[in-house]
Amino acid sequence: MAGGRRVVGVVLITLCQSLTFASIGGADLPPPRLDRFEPSVRDQIEALYRAATQETESADPVAQARPYGFLGETYLAFELPEEARLALEEAARLDPQEPRWTYLRALAALGAGRRADAAELFDEILHRRADDLPTLLRSAANHLDLGQIDEARSKYERAGKLIEEDSAPPGSAAVIRFGLGQLAALAERHEEAVGHYRQTIELQPEANAVYYHLARSLHRLGDPEAAREALTRRGDRAPSFHDPVLASVQRRAQGPQADLLRGLKALDAGRLDIADALLHRVVEQRPDDAEALAGLGRIHQIRGESDAAERAYRKSLESDAGSYRVLLNLGVLLAERGDAEALDLLRRAVTADPLSSAAHLNLGLELLRRTELEPAEQVFRRATELNPEDADALDALARSQAAQGRFTSAITSYQRLLDMDPQRSEAYFALGLSQTLAGRCGEAGPVLSRAFETFGSEGPEGLARVGLLARILATCPDAEIRDGARAVELAQTLFRRSPSLETGRTLSMALAEAGRFDEAAEQLRRLITAVSRSGATAALPGLRRELALYESHQPVRSPWDG
Amino acid sequence: MHRTAWLLLAFVPWASYAEQPVRFVDRAADWGVEFLYESGRDGRFLEPEIFGSGVALVDVDGDGDLDIFLAQGGRLTPAGVEAQRDELYRQDLFVTADGKVDRRFVEIGEISGLAKEPADGYGMGVAVGDVDGDGYPDLYVTNFGPDRLWRNRGDGTLEDATAEFGLQTAAAAAWNVPAVFFDYDADGRLDLWVGRYLDYRVGADVECTSRAGARDYCGPLVYPALSDLLWHNVGGGFEDVSASAGIAAQPGRALGGVAFDVDVQAGDEGDGRFDLYVANDLGENFLWRNRGDGTFVDEALLAGAAINWRGEAEGSMGVEAQDYDGDGDDDLFMTHTTLATNTLFENRGGWLFDDRSRESGLGPPSVGTTGFGTVFLDVDLDGDLDLFLANGAVRAIETLAKAGDEFPYREPDLLLLREGSTYREVDDVGLERSDVARAAALGDLDEDGDPDLVVGHLDAPVEILENRTLSGSSGGDQPSWLGVRVLSGDGSDLLGSRVGLRTGQGIVWRRVRTDGSYAAAHDPRVLFGLRGSEARSRAVAGNTVEIRPAANGRPLRWRGLPSDSYSVLRMPGGG
């Protein structure tokens, strides 16, 4: 019988254990999405996840709670509040007596903006441990956030008594003073508030966020000048105390992996100073970290510190020679400086990512700069194939074609570009010019007229468009296009705004087309005199040919050679 | 000296007031408005796609009822915008078979002139004001791309007057969202402030990710901020005075703006100059003090209206200025991103504001949502101001993304009712729809005396929320409301003038405005709710209304305005 009872006992224990395993077996704790984390962080979190969710032979719920708690802490450290909530709830369910899990749940709730939940959790701890100073301080601040003034006051006051009686975490006194100051200000007791704020600053001089609050109370006391002075010292560091639990959470996410993650996030968010500090910290510990170095290079590039950017990129390439992004960024950086090495880097960027239209575009621009026109055109063509909506690539393709004198192709490209983006005002001039140079001024006239009506004549582009339009209206062999009166009107405006050899010449052509040959000749004579005096004699033969035409009452019939 | 004008003296019997349940019903489809703002999003996560959806309620055809202007988006390409035409819905009344009057909105883009011009901007917001003083409200449409001024020809048609008024500049073709018409130099002509957001170009995007690592829209700090524009109306055109006025000195990321005279207090007419409050995304907000010499200085920080009570700048979106606490001055309320609470700055006088977000109850309910459009409105006509919030996230909501929502930014809108001195969130009022809301414009579309709302959404139909609270009333012939439209001598809405309704306890003030909210323009008429305990004393006072025109014009008082109808009050003189 005794043996039989023992057997039953063993069976019961086994059954209980099975039930316990079933309830904590991880079924309710979904695996985290860790795509954005680098492998080492992923490994760290996944190991903790496995430790928490795997079946264990321990029947001790306290022991079972611990891996969930650690997992929750780690989630918190890596800013995964929802995952943290689930893990910590499991830890607290298994070990409800452990205030640490409750405290962490409250922090997770604060991180997710669930302040009312956090308040309940803090109170749950204080119910059992009324003198827990970190909990009192966080709870009081949370009450302030919730507008629960009486609760905040009673907790700050209670915390104040505790630090008188006992040794408190560093910074506690400053946090309490700051809280009491805010409470006094809310009650319109601004003199008292000013006193609290000044004491806060004495206790924790680096807490420069207090100056804003000080300024508010000084202003309310009728001293706007003192308030303005306080505002000049304002910063974003609020008073803080040493929180051992939070410190242990932060330690979980310390180290280069966490810094890299945070640094790249800060860079994404445009917070360059924070990103800079974090990525430097990574590099101090891992001098060859290609990602951190690439990030630092980008920061320097954004700040216009091109030498430092170049150094960081080159160092990054030493660790990862095939990084498309670094090759492209460094290539663009060097191309802007006119450095010959840019071409090689951009070629390597294209090799590293053959499907990148940005890499092709930048390589093509570098080739264009070197007047390697045909290879440039091929690269631009590939860029437009890779991204048919890349207007910059299409524009560059057209320019490379026009530069080779292949105006028909350039016209097609510019027309495609303007179909894609009719607001691209500079393309109208380029199209009109290509059409004119291709001997199709009959098509160029309407294009430029439309651009003139849409965009006017403002700016250098506008003037160039007007100049070309006036010249076409004055000289195009197609009689239907020519309009002497309008050409004169445009050319006169243009010459007044921007007198030059070419605008003066256009004006002469327009006057001749309007039948005002004497004025055209006179205008051209003045130009010839000015050009002769300036020593730019190369233009003189052409000008004299045009003068001869006007003197014999004949207009010019070609936009470019009289 | 007040000139007293005697109109109809209405004696109104008092009936006991019983609280009525608030109820909104979406009538967009019933009334013929089938508009869907198309963001053009296709997985490239281009920043402008997550903004937009401007709405204006404006009587374009001058027939006395409100028409609806809706800004449209399009598709963004590296080369620019494949824009779509904005739409204008004219309100037409008709008699149903059973003899009742009903309404229908008809899209008149083709006949109104909107279709004459090629669409070239990706629509953001709308401002309404009579720029040429001809008595017809004109529209300024902000875009990602060139903005456009539509001049109202007075016959139900609009014409593009952007170039004619000198507004066709590169600065006005950036990414602009809010715009406010206000007469800052008191010359009788409406000037124009335009808030600019980010220095952003399609094709130069930064790739950002959500918390879960998926591609997402970036936060605003990724791109440089732009300074705003101030246009001085010189009669027949505008001059850019942003630099000389001091406005250009401070770049921000403006998403909201309101103009009002900060110096106005109860019983005090202020300095007669409109100041300007600007809500910036993730930056300190501006409070431009009008110095009266054509220049402005930002006093927001000293005034306590730049950052929240903690001393932190927040991601401000929409902004509202109304006298929420009935003490005679305008207070400020602005909406924020998720995890930050919305903020109420109570005007304490003397250029001092206090953050009362917590005490008022307006802050905490907003912590889980991202607010954009927002308006104070007396939804139940009980005499105090309730608050509506149009919500929609700007960063993917993880729970929705995990559930497979292809546009995981949807959030329900929110209504907060004023009860005593605080606000309470109310459910089950017809705001259950969850979408990505942006603009919220206020106006009495069906002329029944209670405020209705039009809410623009991204990639979802516009919502026309008819307020059914009054129709559920069983108060018999009790007076419910009083409506006032304030016009200048030349027939323009006198924006910025203040309308005070006398009560036994003092005067309830409302500002004539079309500005505020986010990317929206409101009905300029002022509504007073007459239900509730306050109504007794109003009835005793005989519906006396005092008008304080902008720029310290002569105040006027009218007595005996009829309840349950709108009165048009025309002030002497132009401007």
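Which two residues of chain B form a disulfide, their sulfur atoms 2.0 Å apart? They are B:C208 and B:C218, and this report comes back to them after a few words on how to read the model.

## Reading the model

What you see is a predicted model, in which local features need pLDDT of at least 70 and side-chain atom pairs count only at pLDDT 80 or more, while totals for chains, interfaces and linings use all residues. Residues are numbered from 1 along each chain as its sequence is written, chains are lettered from A and ligands numbered from 1 in the order in which they are written, and side-chain values use heavy atoms, with hydrogens and water left out.

## Confidence

The model scores ipTM 0.86 and pTM 0.74. For single residues there is pLDDT, the predictor's confidence in each residue, from 0 to 100. Chain A has an average pLDDT of 85, and 90% of its residues score at least 70. In chain B the average is 88, with 92% of the residues scoring at least 70.

Take some care with the beginning of each chain. In chain A, pLDDT stays under 50 over residues 1–27. The model has 20 contacts beyond four places in sequence for this stretch, a contact being heavy atoms within 4.5 Å. In chain B, residues 1–18 stay under 50, and here the model has 44 contacts beyond four places in sequence. Where pLDDT is low, the predicted coordinates should not be read in detail.

## Two disulfides

A search of the whole structure finds 2 disulfides over all chains, a disulfide being a pair of cysteine sulfur atoms within 2.5 Å. Let us start with the pair from the opening question. The torsion about the S-S bond of B:C208 and B:C218 is about 100°, so this disulfide is right-handed. B:C208 lies in strand β15 (residues 208–209) of chain B and B:C218 in the loop between β16 (215–216) and β17 (229–233), so the bond ties together parts that are 10 residues apart in sequence. Helices (H or I, at least four residues) and strands (E, at least two) are DSSP runs, numbered from the N terminus. Both B:C208 and B:C218 are buried; buried means under 20% relative accessible area, exposed over 50%, and partly exposed in between (1.4 Å probe, protein chains only).

The other pair is in chain A, where A:C441 and A:C476 have their sulfur atoms 1.9 Å apart. This disulfide links distant parts of the chain: A:C441 is in helix α25 (residues 441–455), and A:C476 is in the loop between α26 (459–475) and α27 (484–497), 35 residues apart. With a torsion of about 80° about the S-S bond, the disulfide of A:C441 and A:C476 is right-handed. A:C441 counts as buried at 6% relative accessibility, and A:C476 is buried at 0%.

## Salt bridges

A salt bridge here is a side-chain nitrogen of Lys or Arg within 4 Å of a carboxyl oxygen of Asp or Glu. By this rule the count comes to 92 over all chains. In one of them, B:D26 meets B:R433 at 3.4 Å, N to O. The two sit in distant parts of the chain, 407 residues apart: B:D26 in strand β2 (residues 24–26), B:R433 in the loop between β31 (422–426) and β32 (434–435). Both ends are partly exposed, B:D26 at 31% and B:R433 at 25%.

Another salt bridge joins B:E346 and B:R356, with the closest N and O atoms 3.9 Å apart. B:E346 lies in strand β25 (residues 343–349) and B:R356 in the loop between β26 (352–355) and α4 (357–360), so this pair ties together parts 10 residues apart in sequence. Both B:E346 and B:R356 are buried. They also belong to a network of salt bridges that includes A:E188, A:R216 and A:R220 from chain A, along with B:R348 and B:D354 among others.

## Around strand β7

Strand β7 (residues 87–95) of chain B holds B:L93, and B:D92 is found there too. B:D92 is partly exposed, with a relative accessible area of 24%. Leaving aside residues up to four places away in sequence, B:D92 touches B:D102, B:R103, B:R104 and B:V106. B:R196, by contrast, is 104 residues from B:D92 in sequence and 36 Å away in space, C-alpha to C-alpha.
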